[in-house]
Amino acid sequence: MMAGANVYNRRYAVGLMSGTSVDGIDAALVEFNGVSGQPPHVRLIAFENTPYPAKVREEIFSLFDPKTATVDRVGRMNVWLGELYAEAALSVIAKAGLDRRNIAVIGSHGQTIYHSPEIQHTDGYDLHYTVQIGEGAVIAARTGVTCVSDFRVADMAVGGQGAPLVPFTEYLLYREAEHTLLLQNIGGIGNVTVIPAGCTPEQVYAFDTGPGNVLIDGLVSRLYPGEKTMDTGGAIAQKGSVNADLLQLLQQEAYYGLPLPKSTGRELFGSSYIDRLLSYKHEHGISAEDLVATVTMLTAWSIGDAYRRFIRHRDPSQLMIVGGGGSYNPVLMQFLKQQMAPMDVQVRTQEEVGHNSDAKEAIAFALLADYTINKLPNNLPSATGAQRPVIMGKISY
C-alpha cells in the first residue's frame, strides 16, 4: 500500500481544510522529504487560518438544508469558495517566503455540505453519496499550481463511506512500535483513529464518535444570536451544570450503538437536533448555561462510550491525543479526562505532544494530495469500509 515507483525528493505542498464547524479556511504549507516505499518526513513551514466572511458563512449554513440548497446556490458557492481557497493558498505561500512555482501541489478538502454514507437501494443500484464544494479548477487557475480536490467520492465508489480520510495520514505520521495510540479529533464532529502498536495499515481503524462542537456551537449561536457563535474557552458551560435527565435522554441516540465502520454529520446532529434541544429547554425550564454544559458533556461521554464499546477490549490504550477546536475548550477537556480516567487512559492535546491542533487536518490533505499526484493509493479501507485501496482526489491543472 505504501510502495510506489516515484522517488521522493524535497518538495512543498499546501493543504486546505474547512470543517463541519465552518469557522474558516485552514491553510498549511508543508515540506516533504523521503523516498518511495517509506512515509515521507513532514515539516510544517507555515500555517494560517482565514475566517469566513459573515456573508459566506451564512450562505454555507443555508446549503446544509436540502430545501434551500438549490442548484444555483450550490454552483455559485462552489466557485466562490474556489476563489477564497485560492487566496488562502497564495497567502500561506507568501507567509512561508516561497513562490508559487515552488509548490508541487495543493490538496483541498473543500466544504462538506451533505454527506450520505448509508446505502440507498434505488432501481437496482446501491447508491450513497457526498457533496464537497470549493472548485479545484478555480484554485488551480488562480494559483498556477496543480490542485487535488473532492477526495471522498473515489472511496465511496468502491463501497467505502468516504470518511474518515485523515487516518491514512495519521498512520504514516504517528504510529509507534510499542504503544497503541488513540487520536481523537474534536471538530464539528468527533472522530477517533486507533493505531495499534506495531500495526500494519490494514489494522488501523477509525470512525466518527458523534457530535464534537456542532451541538455546542449550534446552541450558542441560537441562544446568543448576533453575539456568539461558539463557547469560547468553555465560559458558558463553566457557569452551568449538567442536566442528568437530558443527558440520559440524549445518550439513547441510536448512532452510538451502530457497528463499525460508521460516519455521521450535520444530517443527524444539525439544526433539527438543535430545535429539539431548545424545545426541551423551554418545556423543562433549563437555563442556557445548563443546556450548553449538558451537550458539552454529551460530546465527552460519546468519546468515552466509543472507547468502552468498540476499542477497549480490542486494543486497550493508555494515551489519547486530542486535536481540533474542541481541544481548546477546557471544560470539554476536563469532562473528557473524567470519562477516560477510570479506564486508565491519559488525555493530552496535540500541542502537549509537540504537534499543532489547528494545522493537523490541513497537513493531512497536503499529504493525501502528494500521494494522489504520485499515483499512490491514499485511502484506508479498514477505516472507511472500502473494498480496496484507491487513489482518491480529482486533479485540476
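In the predicted model, strand 7 (residues 181-186) is mostly covered, with six of its six residues buried. Leu181, Leu183 and Asn185 project from strand 7 in one direction, while Leu182, Gln184 and Ile186 project in the other, and all are buried. In a regular strand, side chains alternate between the two faces of the sheet.

Strand 7 has partners in strand 8 and strand 10. With strand 8 (residues 189-195), strand 7 runs antiparallel and is joined by six bridges; the two strands form a hairpin with two residues between them. Within this pairing, Val194 of strand 8 is the bridge partner of Leu182. With strand 10, by contrast, strand 7 runs parallel, and five bridges join the two. Here Leu181 stands opposite Leu319 of strand 10. Strand 10 (residues 319-323) in turn pairs with strand 11 in the parallel sense over four bridges, and Val347 in strand 11 is the bridge partner of Met320.

These pairings belong to an open sheet of five strands, arranged in the order 9-8-7-10-11 with mixed pairing. Strand 9 (205-211) and strand 11 (346-349) occupy the edges; each has a single partner strand, so one side of each is left without a neighbour in the sheet. On average, neighbouring strands of this sheet are turned by 25 degrees against each other, direction ignored.

Helix 5 (residues 166-174) packs against part of this sheet. Its buried residues lie against strand 7, strand 8 and strand 9, as well as helix 12 (360-373) and helix 13 (381-384). Helix 5 is mostly covered, eight of its nine residues being buried. The buried residues are Val166, Pro167, Phe168, Thr169, Glu170, Tyr171, Leu172 and Tyr174. In the loop between helix 4 (152-157) and helix 5 is found Pro164, and the peptide bond from Ala163 to Pro164 is cis, with omega near -10 degrees. A cis peptide bond is also found from Leu260 to Pro261, with omega near -5 degrees; Pro261 is placed in the loop between helix 8 (244-250) and helix 9 (271-284).

A helix pair is formed by helix 10 (residues 288-311) and helix 11 (residues 330-340), whose axes come within 9 Å and cross at roughly 35 degrees. The crossing is right-handed. On the side of helix 10, the residues in contact include Ala293, Met297, Ala300, Trp301, Ile303 and Tyr307, and on the side of helix 11 they include Val331, Leu332, Phe335, Leu336 and Met340. By class, this contact comprises eleven nonpolar, five polar and one charged residues. The charged residue is Arg308 of helix 10.

Several loop positions were also examined. Asp123, in the loop between strand 4 (103-122) and strand 5 (125-133), has phi near 50 degrees, a positive value in a residue other than glycine. Asp123 is exposed, with a relative accessible area of 74%. Lys375, in the loop between helix 12 and helix 13, likewise has a positive phi, of about 60 degrees, although it is not a glycine. The relative accessible area of Lys375 is 69%, and this residue counts as exposed because the value lies over 50%.

Asp23, in the loop between strand 1 (11-18) and strand 2 (24-33), is partly exposed, its relative accessible area being 37%. Not counting residues up to four places away in sequence, Asp23 touches Pro51, Tyr52, Arg57 and Met230. Between Asp23 and Thr146, which are 123 residues apart in sequence, the C-alpha to C-alpha separation is 26 Å. Ser62, in helix 1 (residues 54-62), is buried, with a relative accessible area of 15%. Its contacts, leaving aside neighbours within four places in sequence, are with Thr68, Ala69 and Arg73.

At the level of the whole protein, 13 helices and twelve strands are present. The radius of gyration is 20 Å, close to the 21 Å given by the globule rule for 397 residues, so the protein is as compact as a globular protein of that length. Along the principal axes, the C-alpha atoms fill a box of roughly 60 × 50 × 50 Å. Of the 397 residues, 56% count as buried. Among contacts between residues at least 6 apart in sequence, 69% join residues at least 24 apart.

Key:
Residues numbered from 1 in each chain as written. Predicted model: local features only at pLDDT ≥ 70, side-chain atom pairs only at ≥ 80, totals over all residues. Heavy atoms only, no water. Buried < 20%, exposed > 50% of the residue type's maximum accessible area, 1.4 Å probe, protein only. Contact = heavy atoms within 4.5 Å. Pairing = 2+ DSSP bridges. Axes fitted to C-alpha atoms, helices over the stretch in contact; angles between N-to-C directions. Left-handed = near helix turned anticlockwise from the far one by under 90°. Rg over C-alpha atoms; globule rule 2.2 N^0.38 Å.
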